[in-house]
Amino acid sequence: MTLHQQASTADEIDLVELFRALWRQKLLIIGVTLIVTLVAAAYALLATPYYETRTYLRPVPQSNLDQLNETGIYKLTPEEAINRVAGGLSSYENRLDFFLSSQELFQNLPKRGDSPEQTFAAFNETAFEMLHPDPKRTENRSAFVGLKLTYPEGMDGASVVNSFVSYVVELERKEIADDLESLISNRLSSLEMKMDAQRANYNATKEAEIATLLEENLLKRAQLQDELSALREELKIRRTNRIQQLSEAISIAESLGIRTPTSPSAMTQSSRGGTQVIRTEVTNQETPLYFMGSEALAAERDALAERQSDDFIEPRIAELQSELAMLEHNREVEILQQREEEDLYLADLAALREEAARLKGIKLDTERLRLVRLDQLALQSLSPIKPKKAMIIALGLVLGGMLGIFVALVRSLMARSADQPAHA
């Protein structure tokens, strides 16, 4: 017999011997298998069952957001609305606040740690799961948001999910209402600032206009006063000159013996009857002033000397005095200063007031504001998702059998190792 044949025979003998050894320990294998199976069955029967429930939300029609969008200062699309709700559902802060405010829904939750926050943190790690459309599946492009909850036996999981969804939707409604109120308040403040700026600009413009009018009035008065003074001075000079002319003419008239008014022709005729002839050569068309006689000239001179004012001579003086009297009161300035309801004169104030009135009239009915459409309400599950009793028992049976065979093999090897020294 060759060496290879001897080895094959030895292997066959060992394999047969191995089966015989396992068979001899069949009770041990069966016992270990039963023990492990019983332990698995006990776990499957005694472990806390966990259930699963879920809800689905879909975008609302655009018409449900018309009341909000018609305000003109807040825009929200159905996609943005459902994304806001999804963000609220995934927020740990919202979940914790809901847990702390709804303790009656979590009475059967196993306590973890020393505080409610620690209990919720342990529960939140495995309980909540957000559901979204699979981006790889192009055949289902309909937008939705889902929330899945895995909860232990004794907890009303459906009420937890539905209440939490309502809680988050109400939070988002309130946040939108607060945002809208804040926007309206800021817009109203901006409009008030614009109206105040217009009033300040109007007052500044009015004061500048009044100052300009007063300055023009003052300048006009000064110019008229200057003209009046110059005209009076001119009249005074003319009167002085006239007095001097009269004085000179009186002197000539007295030297010629002319006491009463006469004329050159009259004097010529009277001179022909006497012994003396006076020849006077007239070089212009006007009669010399001294022909009026010394008496008339003296009377005029005395009247001019006693005159206190020359205003009545020049009509322009009366006109100047009239204009100065009118400038005593600037009616345009008085009207500007006596204006009431000055807001009526502001150009854009009416539009700003209209906008402010519209903003103040905005009343958002949050009860009618639908952010999402409930596509599937969460329902209480009738069958647990874990533990899977049949699978656990089957796995216990398989693992028990493997463990029993392993123990039997170990015992056989140990017994065989003990026999070999004895034979030696």
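Buried means under 20% relative accessible area, exposed means over 50%, and partly exposed lies in between. Keep these cut-offs at hand. The model is predicted.

**Exercise 1. Aromatic pairs**

Task: Classify the ring pair Phe123 and Phe128, then the pair Phe128 and Phe164.

Solution.
- Step 1. Start with the total: the count comes to 12 aromatic pairs.
- Step 2. Take Phe123 and Phe128. Their centres lie 6.0 Å apart, with 80° between the planes. Planes over 60 degrees apart count as edge-to-face, so this pair is edge-to-face.
- Step 3. Take Phe128 and Phe164. Their centres are 5.8 Å apart and their planes stand at 50°, so the pair is tilted.
- Step 4. Place the second pair on the chain. Phe128 is in strand β2 (residues 128-131) and Phe164 is in helix α7. They are 36 residues apart, and the pair links distant parts of the chain.
- Step 5. Check burial. Phe128 and Phe164 are both buried. Phe123 is buried too.
- Step 6. Widen the view. Ring pairs link a cluster that includes Phe123, Phe128, Phe164 and Tyr167.

**Exercise 2. Salt bridges of Glu355**

Task: Find which residues form salt bridges with Glu355, and locate each one.

Solution.
- Step 1. One partner is Arg187, with the closest N and O atoms 3.9 Å apart.
- Step 2. Glu355 sits in helix α12 (residues 349-360), while Arg187 sits in helix α7. With their positions 168 residues apart, the pair links distant parts of the chain.
- Step 3. Another partner is Arg358, with the closest N and O atoms 3.1 Å apart.
- Step 4. Arg358 and Glu355 both lie in helix α12, 3 residues apart, which is about one turn of the helix.
- Step 5. Assign exposure. Arg187 has a relative accessible area of 29%, so Arg187 is partly exposed. Arg358, at 36%, is also partly exposed.

**Exercise 3. Surface patches**

Task: Name the residues of the negative patch and of the nonpolar patch, and test one residue from each for exposure.

Solution.
- Step 1. The negative patch is formed by Glu209, Glu215, Glu216 and Glu332.
- Step 2. Helix α7 (residues 157-256) gives the most to this patch, with 3 residues. Glu215 lies in helix α7.
- Step 3. Test Glu215. Its relative accessible area is 57%, so Glu215 is exposed.
- Step 4. The nonpolar patch, of about 450 Å², is made by Leu27, Ile30, Leu34 and Leu38.
- Step 5. Test Leu27, which lies in helix α2 (residues 26-46). At 68% relative accessibility, Leu27 counts as exposed.

Terms used:
Residues are numbered from 1 along each chain as its sequence is written. This is a predicted model: local features need pLDDT of at least 70, side-chain atom pairs count only at pLDDT 80 or more; totals for chains, interfaces and linings use all residues. Side-chain values use heavy atoms; hydrogens and water are left out. Patches are made of residues with over 30% relative accessible area and no salt bridge: like charges are joined within 9 Å, nonpolar side chains (Val, Leu, Ile, Met, Phe, Trp, Tyr) within 5 Å. Accessible areas come from the Shrake-Rupley method with a 1.4 Å probe; for residues, only the protein chains shown count as cover. A salt bridge is a side-chain nitrogen of Lys or Arg within 4 Å of a carboxyl oxygen of Asp or Glu. Lys and Arg count as positive and Asp and Glu as negative; His and the chain ends are not counted. The place of a charge is taken as NZ of Lys, CZ of Arg, CG of Asp or CD of Glu. Helices (H or I, at least four residues) and strands (E, at least two) are DSSP runs, numbered from the N terminus. Buried means under 20% relative accessible area, exposed over 50%, partly exposed in between (1.4 Å probe, protein chains only). Rings of Phe, Tyr and Trp (its six-membered ring) pair if their centres lie within 6.5 Å; planes under 30 degrees apart count as stacked, over 60 as edge-to-face and the rest as tilted.
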